[in-house]
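Please lead me through this structure in running paragraphs, starting from the strands and ending with the nucleic acid.

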2 protein chains.
Amino acid sequence: MELQLLDQLHSRRRFFPARQDMIYEGQIERSAYILASGWVCSYKLLPGGTRQVVDFQIPGDFLGLRSVLFRKADHNIEPITRVQASEVQVCDLLEAVNTAPRLGAALLWAASRDEAMVVEHLVGIGRRDAKQRMAHLLLELGARLKLVGLASNDGYTCPLTQYLLADALGLSAVHVNRVLRELREDGLVTFQQSKVTFGDFDGMVAFSKFDRHYLDHDGPLMTWPGGGPSSIQMLTGLPGP
Amino acid sequence: MELQLLDQLHSRRRFFPARQDMIYEGQIERSAYILASGWVCSYKLLPGGTRQVVDFQIPGDFLGLRSVLFRKADHNIEPITRVQASEVQVCDLLEAVNTAPRLGAALLWAASRDEAMVVEHLVGIGRRDAKQRMAHLLLELGARLKLVGLASNDGYTCPLTQYLLADALGLSAVHVNRVLRELREDGLVTFQQSKVTFGDFDGMVAFSKFDRHYLDHDGPLMTWPGGGPSSIQMLTGLPGP
DNA sequence: CGAGGGTTTGACTTGAGTCAATTCTGGTGG
DNA sequence: CCACCAGAATTGACTCAAGTCAAACCCTCG
């Protein structure tokens with residue numbers, strides 16, 4: 001029954017060209033999306049023109065939850081590549097949650113997982129140096145992509161520019177370039193031609209003190225009778241690894 | 001009826017001495033708290049001994065939601081002062097949510113508001129310089145304290161040390177001291193003897209580009225029939241301003 | 001009144017930013 | 001198929017914000 005509802009949520013599938021905001025700060029019409037293909041980033045603009053990328057989302061991610069819950073979106077969401085996504089409208093979502101309370105639990109859990117990721121990002125920017133931050137980010141993206149079958153331990157395809165990396169890591173684009181060169185010279189990772197290639201995966205993990213624990217908290221605490229797939233997979237309909 | 005449930009949540013009231021963790025990373029017993037008096041901070045430790053304070057909580061704040069939803073707490077929570085708080089146990093919370101679905105909506109909304117605050121913090125650390133970050137933090141704390149009647153536009157009592165400020169802002173304690181001196185010399189704020197005193201409130205707002213918008217998103221989208229108080233106030237039982 | 005946090009300051013170092021010039025690349029239209 | 005262009009990546013030289021180290025100082029509370 002919940003599955004049926006989820007199918008409905010997936011009904012309105014749309015395409016978005018790169019660089020044209022799907023959601024912008026202050027927007028009133030509220031809708032969320034489930035990413036089917038392509039990458040997007042959520043960011044905030046500061047007076048002064050600089051911006052801070054809060055997170056990147058990849059296929060399978062649910063995005064814009066906060067813009068649905070609040071009256072107005074409090075951040076922007078922009079496709080990095082051409083993107084295919086299922087629109088989820090407020091009313092549908094509300095209805096679904098009312099009909100299937102466990103879906104609400106899954107949402108709450110998903111929101112918390114989101115927050116955990118933002119917290120990890122915060123910690124990185126606050127207390128790690130540029131090189132570690134970069135290594136950490138590349139590993140995190142790899143781990144997340146692997147969950148949906150888009151990466152291996154060797155590496156993955158990555159459409160991010162050095163400007164985007166800079167805005168995510170709180171660095172300047174120039175410094176991003178220097179840091180990437182250092183990592184390459186250390187034989188840890190190579191990021192060229194839109195490809196991330198790990199030269200020494202274990203070395204990366206050790207160097208960046210990467211602990212993927214925060215990515216895979218177990219599913220929602222209100223367990224499904226019969227122990228189905230994790231809530232996030234139910235939500236997004238993507239297969240596991 | 002919901003009110004009755006909330007009363008139950010407030011039943012187990014406890015005291016905690018300063019500096020002794022209420023929740024620590026990896027902890028299995030899961031419980032959350034509603035802060036009645038005193039200040040606490042939630043933080044993460046990094047290998048290497050440094051730490052990053054994610055947020056401070058003040059009376060009326062609900063804390064530890066993520067530590068309840070996940071199997072293990074993913075961060076630490078430490079009282080800064082002696083603290084009085086009502087313990088909320090997982091089972092009670094679950095029961096309450098099951099009995100009153102709207103409470104679940106309120107929780108979801110509260111979690112999102114939390115995330116919005118962390119995002120704002122992230123943006124600050126990523127893209128604002130030390131002086132602006134400090135000004136912004138002092139204003140934010142002021143705004144939040146005013147909501148529960150603990151601050152005026154003139155200032156407030158603040159138990160934070162310069163070390164705590166440093167760990168929150170991603171700075172060194174020494175630099176925090178210098179930045180506070182500069183702000184004082186500019187006539188914007190004074191922070192001495194555990195008192196924050198605004199010298200030029202409007203100047204502060206202008207200088208730090210403070211926009212309190214993110215603090216007061218309107219209540220949960222599933223509105224209470226009859227339009228009662230906002231969910232957060234319902235949750236915490238504290239009066240509005 | 002002494003001790004131990006917490007605060008202040010100065011002197012020096014360093015990670016990261018800025019500016020500016022080149023080179024590389026992928027995509028486009030002729 | 002190729003010349004061309006815009007955006008992206010690279011690199012060097014210089015600057016500056018913030019960190020580190022170290023030494024006082026100063027509350028406050030037992």
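Two strands are taken to pair if DSSP finds at least two bridges between them. With that criterion in hand, and bearing in mind that this is a predicted model, one can turn to chain B, where B:Tyr156 stands opposite B:Val196 in E10(B). This position belongs to a wider pattern, since three bridges join E8(B) to strand E10, residues 195-198 of chain B, and the two run antiparallel.

The sheet around these strands is open and consists of three strands in the order E8-E10-E9 of chain B, with antiparallel pairing. Its edges are formed by strand E8 (155-157) and strand E9 (189-192) of chain B, each of which pairs on one side only. From one strand to the next, the twist averages 5°. A helix is placed against this arrangement: helix H5 of chain B, residues 130-147, lies across E8, E9 and E10 of chain B and runs at about 80° to E8(B).

Within helix H5 of chain B one finds B:Lys131, whose side chain is joined to that of B:Asp186 by a polar contact of 2.8 Å. If residues up to four places away in sequence are left out, B:Lys131 touches B:Val179, B:Glu182, B:Leu183, B:Asp186 and B:Phe207.

A further sheet of chain B is also open and has three strands, here in the order E4-E3-E6 and again with antiparallel pairing. Strand E4 (51-57) and strand E6 (76-79) of chain B stand at its edges with a single partner strand each, so one side of each is left without a neighbour in the sheet. Neighbouring strands of this sheet are turned by 30° against each other on average, direction ignored. Between strand E3 (residues 40-45) of chain B and E4(B), which run antiparallel, there are six bridges, and the bridge partner of B:Cys41 in E4(B) is B:Phe56.

How are the two protein chains arranged with respect to each other? A rotation of 180°, with 0.0 Å of shift along its axis, superposes chain B on chain A with an RMSD of 0.0 Å. The two copies are thus related as by a two-fold rotation axis. Their interface fits this description, for 100% of the interface residues of chain B are also interface residues in chain A, so the copies meet through the same surface.

We now come to the DNA, beginning with strand C. Of the 18 residues around DNA strand C, those that come nearest are A:His175, B:Arg19, B:Gln162, B:Asn177 and B:Arg181, a list that draws on chain A as well as chain B. Helix H7 (173-185) of chain A, together with helix H6 (162-169) and helix H7 (173-185) of chain B, each supply at least two residues of the surface near this strand, and H7(B) gives the most, with four residues. By class, the surface near DNA strand C divides into five nonpolar, eight polar and five charged residues.

Which parts of DNA strand C lie within 4 Å of the protein? Of the atoms concerned, 67% belong to sugar or phosphate and the rest to bases. Individual atom pairs illustrate both kinds of approach: a polar side-chain atom of B:Arg181 lies 2.8 Å from a phosphate oxygen of DNA strand C, and a backbone N or O atom of A:Ala130 lies 3.1 Å from a phosphate oxygen of that strand, whereas a polar side-chain atom of A:Arg178 lies 3.0 Å from a base oxygen.

DNA strand D can be read in a similar way. Of the 16 residues around DNA strand D, A:Gln162, A:Asn177, A:Arg181, B:Ala130 and B:His175 come nearest, and sugar and phosphate account for 62% of the atoms of this strand that come within 4 Å of the protein. H7 of chain A and H7 of chain B each supply at least two residues of the surface near DNA strand D, with the largest share, four residues, coming from H7(A). This surface has four nonpolar, seven polar and five charged residues.

Several side chains approach phosphate oxygens of DNA strand D through an N or O atom, among them that of A:Arg181 at 2.9 Å. From chain B, the corresponding distances are 3.2 Å for the side chain of B:Ser172 and 3.5 Å for the side chain of B:His175.

Conventions
Residues numbered from 1 in each chain as written. Chains lettered and ligands numbered in written order. Predicted model: local features only at pLDDT ≥ 70, side-chain atom pairs only at ≥ 80, totals over all residues. Heavy atoms only, no water. Least-squares fit on C-alpha atoms with pLDDT ≥ 70 in both. Contact = heavy atoms within 4.5 Å. Near = heavy atom within 4 Å. Polar contact = N/O pair within 3.5 Å; in protein donor to acceptor, adjacent residues only side chain to side chain. Nonpolar A, V, L, I, M, F, W, Y, C, P; charged D, E, K, R; others polar. Axes fitted to C-alpha atoms, helices over the stretch in contact; angles between N-to-C directions.
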